[in-house]
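Visitor: Mind walking me through this one? I'd like to hear the reasoning behind each label.

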Amino acid sequence: MAVKNFNEIDGTQQGVNNTRIFRGHSTVGRTFADTKIYDIELVKQDLLNHFNIIKGEKLENPDFGTNIWLYLFDPLDDELKQSVLDDIDSIIAYDPRIELDKVEVNQYEHGLSIRVSVLYTGYGLGETMDLLFDQTEGLLTNGSQVYSAA
């Protein structure tokens, strides 16, 4: 049986772009034939996954996730708003591939509306995402806008 080391494989012959920094897989919104995602798309999907997990749900890592889901039925006073901002800060700080630029928290009809702007480390780009934490629908992304971080 012949064994080939990964370092010996010429990625350019196989159509693989060797300049990609991050590689991963996701089945969210994709066909199972093509689950590979790269770079900014992967970082964004990881961030959204982090916002979808309630603290305590992840096995062997009970501090991973967010408590924002627990706040949806409470009125948005200053104390709750600060708790949400602290939670967002800790989620962004968890991933070294992004930095927090700006964040805005508002209450909306069925939950919380969060506009978060992140900078992608090493890319010179930022992205503003509108996240809706809806009581019945779950996490909804209501568009995003990419901008130059320079």
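Guide: Sure, starting with the surface: the chain has an accessible surface of about 9,700 Å², and 49% of that belongs to carbon and sulfur atoms. Such areas come from the Shrake-Rupley method with a 1.4 Å probe; for residues, only the protein chains shown count as cover. Bear in mind that this is a predicted model, where local features need pLDDT of at least 70, side-chain atom pairs count only at pLDDT 80 or more, and totals for chains, interfaces and linings use all residues. Residues are numbered from 1 along each chain as its sequence is written, and side-chain values use heavy atoms, with hydrogens and water left out.

Visitor: What makes Glu 127 and Lys 44 a salt bridge?

Guide: The term needs a side-chain nitrogen of Lys or Arg within 4 Å of a carboxyl oxygen of Asp or Glu. Here the closest N and O atoms are 3.0 Å apart, so the pair qualifies. Glu 127 lies in strand E5 (residues 125-134) and Lys 44 in helix H1, so the bridge ties together parts 83 residues apart in sequence.

Visitor: Why is Glu 127 called buried?

Guide: Buried means under 20% relative accessible area, exposed means over 50%, and partly exposed is in between (1.4 Å probe, protein chains only). Glu 127 has 4%, so buried it is.

Visitor: And why is Lys 44 called partly exposed?

Guide: Lys 44 has a relative accessible area of 22%, so it falls in the in-between class.

Visitor: How do you know that Asp 87 and Lys 55 form a salt bridge?

Guide: Their closest N and O atoms are 3.8 Å apart, so they meet the 4 Å limit.

How values were computed. Helices (H or I, at least four residues) and strands (E, at least two) are DSSP runs, numbered from the N terminus.
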